[in-house]
Amino acid sequence: MERVLKLASQRAVVIFSVSSCCMCHTIKTLFCDLGVNQVIHELDQDPKGKEMERALVRLLGRNPPVPVVFIGGHLVGSTDKVMSLHLSGNLIPLLREAGAIWL
């Protein structure tokens, strides 16, 4: 858990993902289209990925946990939470506040 939280706090937007996950791809594409400079940790390509995945399962209370998005070092959640923020118009202000986008 400590490693996940440390990685999550190092940049404005941090996404924990699995390279073969279609929902992960959707979230990464959304942030890219918004001009966000995101850091992506592909759990299936990281030697400590399984350990981080278990920590994320505990943090979110669901399995599989990915994608998991942190903005400004704070847990936002998975696809449903991110899309809800986006559709309600609250995602862009949150990204601005975290310094993830400038416009």
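**Close-up 1. What the buried residues of helix α2 pack against.** In this predicted model, the buried residues of α2 make contact with three strands, β1 (13-17), β2 (39-42) and β3 (68-71). They also pack against two helices, α4 (79-87) and α5 (91-98). The residues in question are C24, I27, K28, L30 and F31. They share one side of α2, because the arc they cover around the axis is only 155 degrees. If you like to think in helical turns, here is the background: an α-helix has 3.6 residues a turn, so positions three or four apart point the same way.

**Close-up 2. The other side of α2, and the helix from end to end.** Turn your attention to C22, H25, C32 and D33: these residues are exposed, on the side of α2 away from the buried set. The helix itself runs through residues 22-33, 12 residues in total. From first C-alpha to last it reaches 16 Å, close to the 16 Å expected at 1.5 Å a residue. Just after α2 comes G35, with a positive phi of about 85 degrees.

**Close-up 3. The aromatic pair of F16 and F70.** How many aromatic pairs does a search of the whole structure find? There is 1. F16 and F70 meet edge-to-face, with 5.9 Å centre to centre and 80 degrees between the planes. Because F16 belongs to strand β1 and F70 to strand β3, the pair ties together parts that are 54 residues apart in sequence. Are these two rings' residues buried or exposed? F16 is buried, at a relative accessible area of 0%, and F70 counts as buried too, with 2% relative accessibility.

Notes. Residues numbered from 1 in each chain as written. Predicted model: local features only at pLDDT ≥ 70, side-chain atom pairs only at ≥ 80, totals over all residues. Heavy atoms only, no water. Helix = DSSP H or I, 4+ residues; strand = E, 2+ residues; numbered from the N terminus. Expected span 1.5 Å × (residues − 1). Buried < 20%, exposed > 50% of the residue type's maximum accessible area, 1.4 Å probe, protein only. Arc of directions from axis to C-beta. Contact = heavy atoms within 4.5 Å. Phe/Tyr/Trp six-rings, centres within 6.5 Å; stacked < 30°, edge-to-face > 60°.
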